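Colleague: I'm new to reading protein models, and I'd like a close look at one part of this one. Could you take me through the cavities inside it, and then the residues and the fold around them?

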Amino acid sequence: MAYAVTEACINCKHQECVEVCPVDCFYEGENFLVINPFECIDCGVCEYECPVDAIAPQQDAGESWFELNAKYAAIWPNITTKGDLPADSAAWADVSDKRRLLSPNPARR
């Protein structure tokens with residue numbers, strides 16, 4: 001079963017997960033990362049790298065997050081290296097109910 005990035009990543013976007021992914025299945029939005037569930041090999045190494053616990057197996061993440069990951073992985077750019085951390089990411093780490101803040105825009109590196 002594939003993994004999915006969940007709400008905790010919004011505005012945090014740490015990207016340690018990107019560095020350890022053996023199949024490069026991460027895609028980057030303006031303020032969020034997603035996993036392409038059709039490329040994910042279910043190894044789980046990304047889950048343990050996320051400092052805000054934003055990555056979960058599909059059954060724990062929920063179907064809506066799985067579908068959201070699939071949707072944006074199809075249109076956002078693939079990333080294989082860690083980029084710059086958002087300047088205010090620490091301020092967002094413990095904030096809940098962030099889904100409304102998710103930007104549909106792709107990242108600009």
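Modeller: Here is a walk through the cavities, followed by three residues and then the fold as a whole. Keep in mind that this is a predicted model.

Let's start with the empty spaces. The structure has two cavities of 30 Å³ or more. The largest cavity holds about 70 Å³ of space, and the second largest holds about 60 Å³.

What lines the largest cavity? Its wall is made by 14 residues, and those nearest the centre are Cys-9, His-14, Gln-15, Cys-17 and Cys-50. Sorted by class, that lining has nine nonpolar, two polar and three charged residues.

Now for the second largest cavity. Its lining includes Tyr-3, Pro-22, Val-23, Ile-41 and Gly-44, along with several cysteines: Cys-21, Cys-25, Cys-40, Cys-43 and Cys-46. By class, you get nine nonpolar residues, one polar and no charged ones. The polar one is Gly-44, because Gly is counted as polar here while Cys, Tyr, Pro, Val and Ile are counted as nonpolar.

Cys-46 gives us a handy route to the next stop, Val-20. These two residues sit 26 places apart along the chain, yet their C-alpha atoms are separated by 6.3 Å. Val-20 belongs to helix α1, which covers residues 16-20. If you skip its neighbours within four places in sequence, Val-20 is in contact with Val-45, Cys-46 and Glu-49. Is Val-20 buried, exposed or partly exposed? It counts as partly exposed, because its relative accessibility is 31% and that class runs between 20% and 50%.

Next, have a look at Ala-54. You'll find it in the loop between α2 (45-49) and β4 (55-57). Ala-54 has a relative accessible area of 1%, so it is buried. Which residues does it touch? Beyond its neighbours within four places in sequence, Ala-54 is in contact with Ala-4, Val-5, Thr-6, Ala-8 and Cys-9. Cys-9 should ring a bell, as it is one of the residues nearest the centre of the largest cavity. Compare that with Glu-67: Ala-54 and Glu-67 are 13 residues apart in sequence, and their C-alpha atoms are 15 Å apart in space.

Asn-11 is our third residue. It sits in the loop between β1 (3-5) and α1. Its relative accessibility is 15%, so Asn-11 counts as buried. Leaving out residues up to four places away in sequence, Asn-11 touches Asn-31, Pro-86, Asp-88, Ser-89, Trp-92 and Leu-101.

Finally, let's step back to the whole protein. It has five helices and five strands, and reading along the sequence gives the pattern β-α-β-β-α-β-α-α-β-α. Its C-alpha atoms fill a box of roughly 30 × 25 × 25 Å along the principal axes. What radius of gyration does the protein have? The value is 12 Å, which agrees with the value near 13 Å for a compact globule of 109 residues.

Of those 109 residues, 49% count as buried; Ala-54 and Asn-11 are in that class. Contacts across long stretches of chain also show up in the totals: among contacts with a separation of 6 or more, 78% come from residues 24 or more positions apart. Val-20 and Cys-46, in contact and 26 residues apart, give you one such pair to find on screen. As for the outside, the accessible surface comes to about 5,700 Å², and 49% of that belongs to carbon and sulfur atoms.

Definitions and conventions:
Residues numbered from 1 in each chain as written. Predicted model: local features only at pLDDT ≥ 70, side-chain atom pairs only at ≥ 80, totals over all residues. Heavy atoms only, no water. Helix = DSSP H or I, 4+ residues; strand = E, 2+ residues; numbered from the N terminus. Buried < 20%, exposed > 50% of the residue type's maximum accessible area, 1.4 Å probe, protein only. Contact = heavy atoms within 4.5 Å. 1 Å grid on protein atoms, 1.4 Å probe; cavity = no way out; pocket = protein on both sides within 12 Å on 5 of 7 lines; lining within 4 Å. Points joined across faces, edges and corners; volume = space filled by probe spheres on them. Rg over C-alpha atoms; globule rule 2.2 N^0.38 Å. Areas by Shrake-Rupley, 256 points an atom, 1.4 Å probe, with all protein chains shown as cover.
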